[in-house]
Amino acid sequence: MSEAAVHAHQAPTSFIRKHVFSLDHKVIGIQYYGLALVAVVTGMVLSWIMRIHLVWPNSPIPGVQWLSKIGAPGGVVTPEYYLSLMTMHGTLMVFFVLTNAPFAAFGNYFLPIQIGAEDMAFPRFNMMSFWTTFVAFCILVSAFFVGDGPPLSGWTAYAPLSAVGADSGPGEGVGQTLWGLSIFVFCIASLLGSLNFIATTLDLRTKGMTLARMPICTWAWFITSCISLLAFAVLMPACLLLVLDRVAGTSFFIPSGLNVSDHLQPHQGGSPLLWQHLFWFFGHPEVYIAILPAMGIVSHILIVNMRKPLLSHKVVVYCMMAIGFLSYMVWGHHMFLSGMNPFSAMVFSFPTLMITIPATIMTLIWLGSLYGSKLRINAASLFCLGFISMFVSGGVSGFFLAQPSIDIYLHATYFVVGHFHMVMGVAAIFGVFAGTYFWFPKMTGRMMNETLGRLHFWFTFIGTYCIFMPFHYLGLAGNVRRYSAFTDDFLVPLVPVHKFITYAALFTGAVQMIFIFNLIYSRFKGAKAEANPWECTSLEWSTPSSPPPFDNFGGQHPVVYHDPYQYGVKGSKGDYVMQTSPEKVAQAT
Amino acid sequence: MGGKIFAVIVIVIALLSAVPIINHTFMGANVAPPEDISTHGASIDKQLDETMLEAGLSFLAAQLVLGFFVWQFGGRKDGAIKNFPGGAKYLVIAAVLLVGLEAIALGAIGTKAWATVYFQAPGADAMPIQVQAGQFAFYFRYPGPDGKFGQLHPEKIDEGNANYFGLDPENDVAARDDVTSGELVVPVNKEIHLLMHAKDVGHSFYVRELRIQQDFVPGLDLALHFTATKVGKYEIVCTQLCGLGHYNMKAYLSVMTQDDFDKWLKTQDQ
């Protein structure tokens, strides 16, 4: 155990060292959370503008003209600016929210504590990884304020649209290059973070903390960091090659003979499909990077609130590993119609369908574990239950898209958009919400307001179903995605559905203000929390204070005696036994 | 109390979600695939229907079980902790068998539908038509009486003079009788071999009623083949993000009787 390495950093004294350039994983975790919060609010506001524009394309949206005079003259969003907003929405949400919040924020804060360590293995790398992410965020956001604004090629940035430069139209100027640079820098940060998680989990577990005794969320963060290491390592050079095509005259992704806006492109020899392969080889594992931590967090919080372990801890961990492994075999299911050899569609479809198996096993285990439990209902557990519901809904639509023959009809329609929003935009975010309500007392020493938490849940649960379930109906009607307006003959009759969705989206967005208010209010005025308000057994609830002291355990090195889910047993404190408690476990009568 | 509310809400949502699937309308709009007018579409529609049934039943079952268990056990304070009969074992077996077999079955059956579109080559007497996708329009080209397409010269593209394909009829004999059109006009019940060419960036070709969709990849010569079975006018829309005009990039597929088609072709200027 490399204790020397971790003792290397002393307790911080200056303000800068305590709150800005901190080596403390807890501060860094909160910094990641704060960045994710800024990103999610930005991304959500962009989605409001998008949804309003879609149903009232010729009406001014007050205020947007201050964001861009060219993009929204008089407040009326142009078609190209709509696509730019859409691109930034996707990029912010996938990278800066879904990779940051469930994984970097909560993982950073709680992984070291849950394994009994004083900090991450490489605290300096950790600090660098947050600030590098912050730099990436700044580069991305700067695209709003340059030239003809942010890129419009979507978060997927397909070449040649994204690669040939300004010829391919407004929204493909400097903004696209900044996008490529931003994501390149983001990848560096992710790689540093993943290395840290892996080294910490393998090397810094305290005495008695075997891998088998790690909580499910710790396993989820560990598996996610393994996936992340390989995935971001591929995206990084891909972005570099894209930037080179744009500024250095290379032709990685651009073939010869292109006439773009009457300009014959000088490039030759490149392959647009190469970009898609590189991007999706990252992109598919990325969505599992987004969902696995949420699965782990939800499992953990559900167990605490059910007062019983899941039917099988081992099976759930193996399923998460299986999902992680299979996630690397399915990237071509984003490319069934891309022009690849059609035989490859069969090859990619098979593992895509197979990944349903571990996901279904986990869902059945969650459901089966509810049976016979003493399920406590609170804001955190409600979001866990909501997660299960949403994960089922989003997963089921994936079953359609996994089949190439059905994908012929549903590809690039709102069916796809509904699918990924349900699993990522809702389910994964529900995991973040559950984690917030659950761990807030440990991070701040105060409880979040339970009434506001439940209101937040009810309205968000109903609201998100109202938004995203109709997306699937639109997809079945063939409603094409990434359109800035619905003017085609067959789309005009679908506008009433879009109006319904827009109202639901604005309502649900407004509801999130309850959460933000609760977060800020409770931080300062929330009811003081007990040391272990949820009666949870894992190590973070055995720290001497909330928030934990600088080195997590106040100079002590905890010793672990039990697995993390001794619930429904006769313990000295109630129906549970802490992992760090040396008492023997007797079964409850 | 909260548990019971959750149970009711999740069950209501699940049941309500199924309604538009069953009666194909939502907010007064028709939300189902349009009538299939292709020779290969029936197998795709069958695949879609079977998947809808299996996915729909799984969806409903899972949401109802979730609701039921939360109703039963939410907020429960008294009584002993119980375990689901059989523990994880039967659930794992159920998941592997049910999902595994279901997935393999659908996947295997779906192969045939995919194969008729992609593995089967077009027949020897399929009519070749070329489609070029460029920001932001589709143009179609017929080879004319000589049956040969003239060569494409991207540097000669001149939209102002209606030379959308960059043909060189002065120097290229084969190009002289090529017919260019902004509309894809085809005879009914005739197999079409659609040759796809991208002028600038990625685009995609989608006709809902034909149940076909295929990306254009700059630098790659791709092709589709289909046979339309019903006379009428249908929309062709671009489904691959290609720039600001993406939402507006479309053309019409006009399926005519053979006679009407022959008349139409005769009236086209070169």
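Is Leu16(B) buried or exposed? I looked that up before anything else: Leu16(B) counts as exposed because its relative accessibility is 56%. My cut-offs are under 20% relative accessible area for buried, over 50% for exposed and partly exposed in between, with a 1.4 Å probe and protein chains only.

**Ground rules**

I am working on a predicted model, where local features need pLDDT of at least 70, side-chain atom pairs count only at pLDDT 80 or more, and totals for chains, interfaces and linings use all residues. Residues are numbered from 1 along each chain as its sequence is written, chains are lettered from A and ligands numbered from 1 in the order in which they are written, and side-chain values use heavy atoms, with hydrogens and water left out.

**Entry: the patch around Leu16(B)**

I placed Leu16(B) in helix H1 of chain B. Helices (H or I, at least four residues) and strands (E, at least two) are DSSP runs, numbered from the N terminus. Leu16(B) shares a nonpolar surface patch of about 430 Å² with Val8(B), Val12(B), Val19(B) and Trp71(B). Helix H1 (residues 2-23) gives the largest share of that patch, 4 residues. For patches I take residues with over 30% relative accessible area and no salt bridge; nonpolar side chains (Val, Leu, Ile, Met, Phe, Trp, Tyr) are joined within 5 Å, like charges within 9 Å. The areas are Shrake-Rupley values with a 1.4 Å probe, and for residues only the protein chains shown count as cover.

**Entry: the two chains**

I counted 17 helices and 4 strands in chain A. Its radius of gyration is 24 Å, which agrees with the value near 25 Å for a compact globule of 589 residues. That radius is taken over C-alpha atoms, and the globule rule is 2.2 Å times the number of residues to the power 0.38. The C-alpha atoms of chain A fill a box of roughly 80 × 50 × 50 Å along the principal axes, and 67% of the 589 residues count as buried.

Chain B has 4 helices and 12 strands. Its radius of gyration is 26 Å, well over the 18 Å that the rule gives for 270 residues, so chain B is more spread out than a compact globule. Its C-alpha box is roughly 90 × 35 × 35 Å along the principal axes. Of its 270 residues, 51% count as buried.

**Entry: the core**

The largest nonpolar core has 286 residues, and Phe387(A), Phe138(B), Leu184(B) and Phe205(B) have the most contacts inside it. Helix H5 (residues 79-114) of chain A supplies the largest share, 22 residues. Domain 1 (2-76 + 84-118) and domain 2 (127-267) of chain B each give this core at least three residues. Here a core means buried Ala, Val, Leu, Ile, Met, Phe, Trp, Tyr and Cys residues joined through side-chain atoms within 4.5 Å. The domain bounds come from an automatic or database domain assignment.

**Entry: salt bridges**

How many salt bridges does a search of the whole structure find? I got 17 over all chains, counting a side-chain nitrogen of Lys or Arg within 4 Å of a carboxyl oxygen of Asp or Glu.

Lys26(A) pairs with Asp24(A), with the closest N and O atoms 3.1 Å apart. Lys26(A) is buried at 5%, and Asp24(A) is buried at 9%.

Arg307(A) and Asp575(A) come to 2.7 Å, N to O. Arg307(A) is in the loop between helix H9 (272-306) and helix H10 (313-326), and Asp575(A) is in the loop between S3 and strand S4 (586-587), so this pair ties together parts of chain A that are 268 residues apart in sequence. Arg307(A) is buried at 1%, while Asp575(A) is partly exposed at 25%.

I also found Asp489(A) bridged to Lys250(B) at 3.8 Å, N to O. Asp489(A) lies in the loop between helix H16 (450-476) and H17 of chain A and Lys250(B) in strand S12 (residues 250-256) of chain B, so the pair joins two chains. These two belong to a salt-bridge network with Asp488(A) and Glu235(B).

**Entry: backbone oddities**

I noted a cis peptide bond between Ser546(A) and Pro547(A), with omega about 0 degrees. Gln135(B) to Phe136(B) is cis too, with omega near -5 degrees. Ala412(A) is not a glycine, yet has a positive phi of about 60 degrees; Ala412(A) is buried at 5% relative accessibility.
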